[in-house]
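Grab a pencil and work through these exercises with the model open beside you. Each task comes with a solution that goes step by step.

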Amino acid sequence: VGQRPATYLEKMGFTSLVEDDYTNLSTAIGSLKNGVTIEENTNAFSTFATDGKFIDAYLIDKIVDKKGNVVYQHKVNPVDVFSPQTAYLTLDMMRDVINRGTATSAKSRLKFQSDWAGKTGTGNDFNDSWFVATNPNVTFGIWTGYDTPKSLKTSGSLSYSIRTNYLWADLLNAAYDIKPDLIDSADTFKMPGGIVRRSYCAVSGLLPSEGCSRA
């Protein structure tokens, strides 16, 4: 009671929030009153890859004159949103989306393999299809839909979600052809301190040392 989770979205640069978004339970699954732009959604998603700090996207890093004097230099102002532990645990869960979940078709279509974590999404009445994913170097997001909303479901051989995943992978492959060292990160997401690993029996809920047998 009294919690307003959409304040996290505020910190991550969402500009179209309204009061309903702070109280509606459906906000938790992405149902915002005015929706969100692809840039904002992808921009915010990168927060998980930067240890929980939001860094606003920008186009121009520096401008110099003909003598080499710096006329403009962009300044990065990180905003603390999540703890590094929360960010990593979220990433770790979203690895499964790509490795064995709803985005495996995107992974299989890539011509390279990185440590990806991502999330697919579907709007009401199948009017929207999303896929956003990040590796330690880049975050890439895509949305498919119509200007005048209508269902993306068709009778074709590919589902709407597969089409979105394929398009995401094809665009990323094109970027990889131009800048492979940037797109295909050799790094992996590193688990920060403060997280404890434990194995539990799926049947009993006990630690292995306490026994793992059916009741």
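Is Trp-168 buried or exposed? Before you solve that, a few ground rules: this is a predicted model, where local features need pLDDT of at least 70, side-chain atom pairs count only at pLDDT 80 or more, and totals for chains, interfaces and linings use all residues. Residues are numbered from 1 along each chain as its sequence is written, and side-chain values use heavy atoms, with hydrogens and water left out.

**Solution 1.** Start with the cut-offs: buried means under 20% relative accessible area, exposed over 50%, and partly exposed in between (1.4 Å probe, protein chains only). Trp-168 has a relative accessible area of 1%, so it's buried.

**Exercise 2.** Describe helix 6 and find what covers its buried residues.

**Solution 2.** Helices (H or I, at least four residues) and strands (E, at least two) are DSSP runs, numbered from the N terminus. Helix 6 runs over residues 160-178, which makes 19 residues. From first C-alpha to last, helix 6 reaches 28 Å, close to the 27 Å expected at 1.5 Å a residue; that expected span is 1.5 Å times one less than the number of residues. Next, list its buried residues: Tyr-160, Thr-164, Asn-165, Trp-168, Ala-169, Leu-172 and Asn-173. An α-helix has 3.6 residues a turn, so residues three or four places apart point the same way. Finally, the cover over the buried residues of helix 6 includes helix 5 (104-109), strand 5 (117-122), strand 6 (128-134), strand 7 (139-145) and helix 7 (180-183), where contact means heavy atoms within 4.5 Å.

**Exercise 3.** Count the aromatic pairs, then look at two that involve helix 6.

**Solution 3.** Rings of Phe, Tyr and Trp (its six-membered ring) pair if their centres lie within 6.5 Å; planes under 30 degrees apart are stacked, over 60 edge-to-face, and the rest tilted. By this rule you get nine aromatic pairs. One of them is Phe-126 with Tyr-160, edge-to-face at 5.6 Å centre to centre and 65° between the planes. Phe-126 sits in the loop between strand 5 and strand 6, while Tyr-160 is in helix 6, 34 residues apart. With 30% relative accessible area Phe-126 is partly exposed, whereas Tyr-160, at 14%, is buried. Now take Phe-140 and Trp-168: edge-to-face again, with 6.3 Å between centres and 65° between planes. Phe-140 lies in strand 7 and Trp-168 in helix 6, so this pair ties together parts 28 residues apart in sequence. Phe-140 is partly exposed, at 24% relative accessibility. Last step: ring pairs link Phe-112, Trp-116, Phe-131, Phe-140, Trp-168 and Tyr-176 into a cluster.
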